Amino acid sequence: MKRLVALALAIAAPATARDSLGVFDRWGAFTDTTPLRCYAIAQPVQAGGASTWRPFASVATWPGRGVRNQLHIRLSRVRNPQSRVTLSVGERRFELVAGDADAWAPDSRTDAAIVVAIRASRSMSVETLAKSGAPFADVYALRGAATAIDAASLGCVGH
């Protein structure tokens with residue numbers, strides 16, 4: 001639990017008020033007040049490389065932006081800008097849009113499909129090529145993910 005709380009505290013650039021909504025196996029749920037967002041977050045059980053930051057996967061709701069269950073992946077390494085980023089959840093594969101070390105679903109419909117797949121699967125992985133050209137994958141256990149996503153969604157109800 002301490003690792004998840006430390007991870008949640010580390011991902012926000014400016015200091016904000018952050019409340020824990022609970023820890024569910026390897027996933028935690030948190031809420032930030034400014035701007036209001038509620039999110040489920042986890043660290044990979046296997047990271048594809050050492051980095052100066054902590055890789056994570058999160059699913060967030062931003063009531064003020066009308067965004068619900070938005071996926072955000074922080075990769076464990078800087079990726080090759082020409083390489084695709086693929087999220088594998090159970091038997092499903094999703095191509096993500098990506099920056100140097102972050103990746104997202106291309107649209108809200110894909111976010112929704114990813115969350116459905118997360119609820120039905122035991123693990124997910126994000127694969128791409130590192131800046132050096134070497135392939136790598138970050139692997140996440142999904143036990144507790146559905147409960148953390150639900151807790152995060154409920155944390156923003158009424159806002």
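**Exercise 1.** For this predicted model, set out the order of the elements along the chain, starting at the N terminus.

*Solution.* Reading from the N terminus on, the elements follow the order α-β-β-β-β-β-β-β-β-α-β-β-α. Counted by type, this gives three helices and ten strands.

**Exercise 2.** Determine how helix α2 and helix α3 are oriented where they pack, and which residues meet there.

*Solution.* Begin with the geometry: α2 (residues 108-120) and α3 (residues 145-155) pack with their axes 8 Å apart and at an angle of about 135 degrees. Since only angles over 145 degrees count as roughly antiparallel and 65 to 115 as roughly perpendicular, α2 is therefore oblique to α3. Turn next to the residues, where Val 115, Ile 118 and Arg 119 of α2 meet Ala 145, Ala 146, Ile 149 and Asp 150 of α3. Sorted by class, this contact comprises five nonpolar residues and two charged ones, with no polar residue.

**Exercise 3.** Describe the surroundings of strand β6 (residues 85-89), beginning with its burial and continuing with its pairing to β7 and β9.

*Solution.* As to burial, four of the five residues of β6 are buried, so that the strand is mostly covered. On the side of β7 (residues 92-98), the pairing is antiparallel over five bridges, and Leu 87 stands opposite Phe 94 of β7. The hairpin of β6 and β7 has two residues between the strands, and within this hairpin Gly 90 takes a positive phi near 60 degrees. With β9 (residues 123-129), β6 also runs antiparallel, joined by four bridges, and Val 89 has Met 124 in β9 as its bridge partner.

Notes: Residues are numbered from 1 along each chain as its sequence is written. This is a predicted model: local features need pLDDT of at least 70, side-chain atom pairs count only at pLDDT 80 or more; totals for chains, interfaces and linings use all residues. Side-chain values use heavy atoms; hydrogens and water are left out. Axes are lines fitted to C-alpha atoms, for helices over the stretch in contact, and angles run from 0 to 180 degrees between N-to-C directions. Angles under 35 degrees count as roughly parallel, over 145 as roughly antiparallel, 65 to 115 as roughly perpendicular and the rest as oblique. Contact means heavy atoms within 4.5 Å. Ala, Val, Leu, Ile, Met, Phe, Trp, Tyr, Cys and Pro count as nonpolar, Asp, Glu, Lys and Arg as charged, and the others, Gly among them, as polar. Buried means under 20% relative accessible area, exposed over 50%, partly exposed in between (1.4 Å probe, protein chains only). Two strands pair if DSSP finds at least two bridges between them.
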